[in-house]
Amino acid sequence: MPTGTFATVITCIDGRAKRPLADWMKQRYGVHYVDLITEPEPDSALLRGTLWMLESVRQKLHYAQQAHHPTVLAIAAHYDCGGNTISAAVHHDQVRRVANLLATWGLNVPIVGVWLDEQWQPHIVCELPARGLV
């Protein structure tokens, strides 16, 4: 098993997001490795998520926490997430709402909302401090 610190990022199933997110997370948060949890359009899917979908993400997060003890969790959306046509402002709002949802799960790690623009540059939408069980 690798040694070093980990981050976990929930993002779209889109390979173009992997490298910019990993590089940015390493630079900004000093992590050595980034675990990706990929879901179709996670910023909107988690908000309207079925119980099955929410439980699936919870299990993946639980595994990441047990296996790697991430020091930060991020939810990331990008301008072309799912090829949809919703605006950046709507994505930003959804990312904030998902970050707040994740904060209620008692994960006890800081949570960051991230937006990747048309040039695949990450931007912080929100940052929430670590919270214990609620």
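1. Two strands are taken to pair if DSSP finds at least two bridges between them. In this predicted model, strand β3 (residues 72-78) and strand β4 (residues 111-116) are joined by six bridges and run parallel. Within this pairing, Ala 76 stands opposite Val 114 of β4.

2. Strand β3 is also joined to strand β1 (residues 6-11), here by four bridges, and the two strands run parallel. One point of contact may be named: Ala 7 has Val 72 of β3 as its bridge partner.

3. The burial of β3 deserves comment. The strand is mostly covered, with seven of its seven residues buried. Both faces are covered: on one side lie Val 72, Ala 74, Ala 76 and His 78, and on the other Leu 73, Ile 75 and Ala 77, all of them buried. Ala 76, which faces Val 114 in β4, thus belongs to the same side as His 78.

4. The structure contains one cavity of 30 Å³ or more. The largest cavity holds about 40 Å³ of space. Its lining is formed by Thr 8, Leu 61, Gln 65, Pro 70, Val 72, Leu 73, Leu 107 and Val 109.

5. Which elements each supply at least two residues of this lining? They are α3 (51-68) and β3. Val 72 and Leu 73 are among the lining residues, and these two residues lie on opposite sides of β3. Val 72 is also the bridge partner of Ala 7.

6. As to the character of the lining of the largest cavity, six of its residues are nonpolar and two are polar, while none is charged.

Technical notes
Residues numbered from 1 in each chain as written. Predicted model: local features only at pLDDT ≥ 70, side-chain atom pairs only at ≥ 80, totals over all residues. Heavy atoms only, no water. Buried < 20%, exposed > 50% of the residue type's maximum accessible area, 1.4 Å probe, protein only. 1 Å grid on protein atoms, 1.4 Å probe; cavity = no way out; pocket = protein on both sides within 12 Å on 5 of 7 lines; lining within 4 Å. Points joined across faces, edges and corners; volume = space filled by probe spheres on them. Nonpolar A, V, L, I, M, F, W, Y, C, P; charged D, E, K, R; others polar.
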